[in-house]
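Got your viewer open? Let's take a short walk through this model, one selection at a time.

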Amino acid sequence: MKKLYSVIAATSLALAITGCSNNQVTTPTYDNLDERKLCNVSTNGIDSVLKVAQKYNKIAKEHGVEFKRLGMTNTQYIDESIKAIKAGEKKVVLLNKKGKPTKNSVSVSYAVERACKFAVSALTQEAEGKKTWRAAVPGDQFQY
Amino acid sequence: MLLNVVKSTVLVALASCIMNANDFNVQAEKDRIALIDYTIAKFEDGDKNRDKFFPYSTDDELKNNIQKNVKYEDLRKGNYAFNKQGQYSYNEINEMPPYDELVEKGEELYEDNKALQKCFPDVTVAGDYPYFDEEKKEVVSLTGAINKCLTDAGQKAWNEKKGKMAFFQSYIASETKDAEKKVNIQINSAEAAAAYERGKEFYYTQRGYLKLSCATCHVQGAGKRVRNESLSQLAGHTTHFPVFRLKWGKDKVENGLGTLERRMAGCVKDQGQVPPKTNSKEMKELLYFMAYMSNGMNVDGPDVRK
């Protein structure tokens, strides 16, 4: 009987330790980020939205899911927005795939909002993708 | 008696090990067969199966462009397996392939380089890459193996997308094709199976600001038209690389030939994401998965694409 108690005690202790350690390694999830709220320049202000863009784009880069549009990475959107704000410009000039300025430009608030939405979406989409990718695999969840 | 028990135990253990070794590719084999079945069913009769596979295609497209009864052995040709209108120009171009002189350059590179001759005594190996290095526990691509060979010999690594790398790979592909060898990708361990699974997840995951997966275009979308292009199918994708793309070679013929990594980086960019680096773990595992999907097909490179 004593042996049984010892086994129960040891098992409980092991489970408790495992449970605690699991709690410690919990990684943040990004499924619930709301890009519309976080990236709204009119309500949050341009500086705050830019900070959100920087914060989440850094993580997106680490995860290998940074967005890129027409040759311009989201990091470039952020950097060019910062330069334009510092220089007091109203427009952000878009870059080509070689990093050279093109003839196209967008307003600073538009560029910052886009950079923020790209940064947040990259992470929410990554989290969503982990749950949905099997739906496209023939022989798995994809039915035809 | 005891000896018999020991002998039996050893035999059972050995048999179990051998069975397990053969088991690592079970999932990959299921995936490959399911993909082939889907692709063959899709191109059996596009017009007849319109509701299932081509709901938005026009009558003209289904009657005059999508070939019926596409065979497994034709899948290695990419979209020219079913794209009737494309086949005409493809056959015309291949009467005098623009990559021929580049294959010869690849052969010269090999003949002038003792390190390459030592690393690749047999050049009919295009179908064996990428492979999983069981000691280093990582996928080795043909591009990575060539550059490692060069740098180990104190030489400068080549550009991983075009130029000498593509020329030499085209020579390897051409020799492999002439030797009538097939794609032969192995999964012999749990780690290799895990690498394959990660590559598969990358392929089927929606990404970029356009929220497209590779499969959106090349599994579910295969055969459908984007602008004036018929989207090619995943099964057979890796068999014909490096490819000479008319788009890449429009300014300079030498730039026309590109490696599989060059093409995949372009595809990920088209999805709206910064692509993984050409020699990154993600890229190599993606290629490993893709190559497995072409297992058993004849190596058919180099080839021409738009």
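How many helices and strands does chain A have? Show chain A as a cartoon and count: there are six helices and four strands. Bear in mind that you're looking at a predicted model.

**Stop 1: along chain A**

Start at the N terminus of chain A and follow the ribbon. The elements come in the order α-α-α-α-β-β-α-β-β-α. Now colour the buried residues: they account for 26% of the 144 residues in chain A. Next, turn on the contacts in chain A with a separation of 6 or more; 57% of them link residues that sit 24 or more positions apart.

**Stop 2: where chain A touches chain B**

Bring chain B into view and select the contact between the two. You should pick up 16 residues from chain A and 24 residues from chain B. Stay on the chain A side for a moment. Two elements there, β1 (68-69) and α6 (108-132) of chain A, each give two or more residues. The top contributor is α6(A), with three residues. Colour this side of chain A by class and you'll get eight nonpolar, five polar and three charged residues.

**Stop 3: a pair of helices in chain B**

Hide chain A and select residues 190-204 of chain B, which form helix α10, together with residues 281-293 of chain B, which form helix α13. How far apart are their axes, and at what angle do the helices pack? The axes are 7 Å apart and the angle is about 90 degrees. An angle from 65 to 115 degrees counts as roughly perpendicular, so that's the word for how α10(B) and α13(B) lie to each other.

Now show some side chains. On α10(B), the residues making the contact include B:Tyr196, B:Phe202 and B:Tyr203. From α13(B), B:Leu286, B:Phe289 and B:Met290 are among those taking part. Sorted by class, this helix contact has nine nonpolar, one polar and four charged residues.

**Stop 4: a sheet in chain B**

Last stop! Look for an open sheet of three strands in chain B, with the order β6-β5-β7 and mixed pairing. Which strands are at the edges? They are β6 (257-258) and β7 (303-305) of chain B, and each pairs on one side only. Then select β5, residues 243-245 of chain B: three bridges join this strand to β7(B), and the two run parallel. To finish, click on B:Phe244 and look across to β7(B), where B:Val304 stands opposite.

Methods:
Residues are numbered from 1 along each chain as its sequence is written. Chains are lettered from A and ligands numbered from 1 in the order in which they are written. This is a predicted model: local features need pLDDT of at least 70, side-chain atom pairs count only at pLDDT 80 or more; totals for chains, interfaces and linings use all residues. Two residues are in contact if their C-beta atoms, placed from the backbone, lie within 7 Å. Ala, Val, Leu, Ile, Met, Phe, Trp, Tyr, Cys and Pro count as nonpolar, Asp, Glu, Lys and Arg as charged, and the others, Gly among them, as polar. A residue is buried if 20 or more other C-beta atoms lie within 10 Å of its own, exposed if 12 or fewer, and partly exposed in between; C-beta atoms are placed from the backbone. Axes are lines fitted to C-alpha atoms, for helices over the stretch in contact, and angles run from 0 to 180 degrees between N-to-C directions. Angles under 35 degrees count as roughly parallel, over 145 as roughly antiparallel, 65 to 115 as roughly perpendicular and the rest as oblique. Two strands pair if DSSP finds at least two bridges between them.
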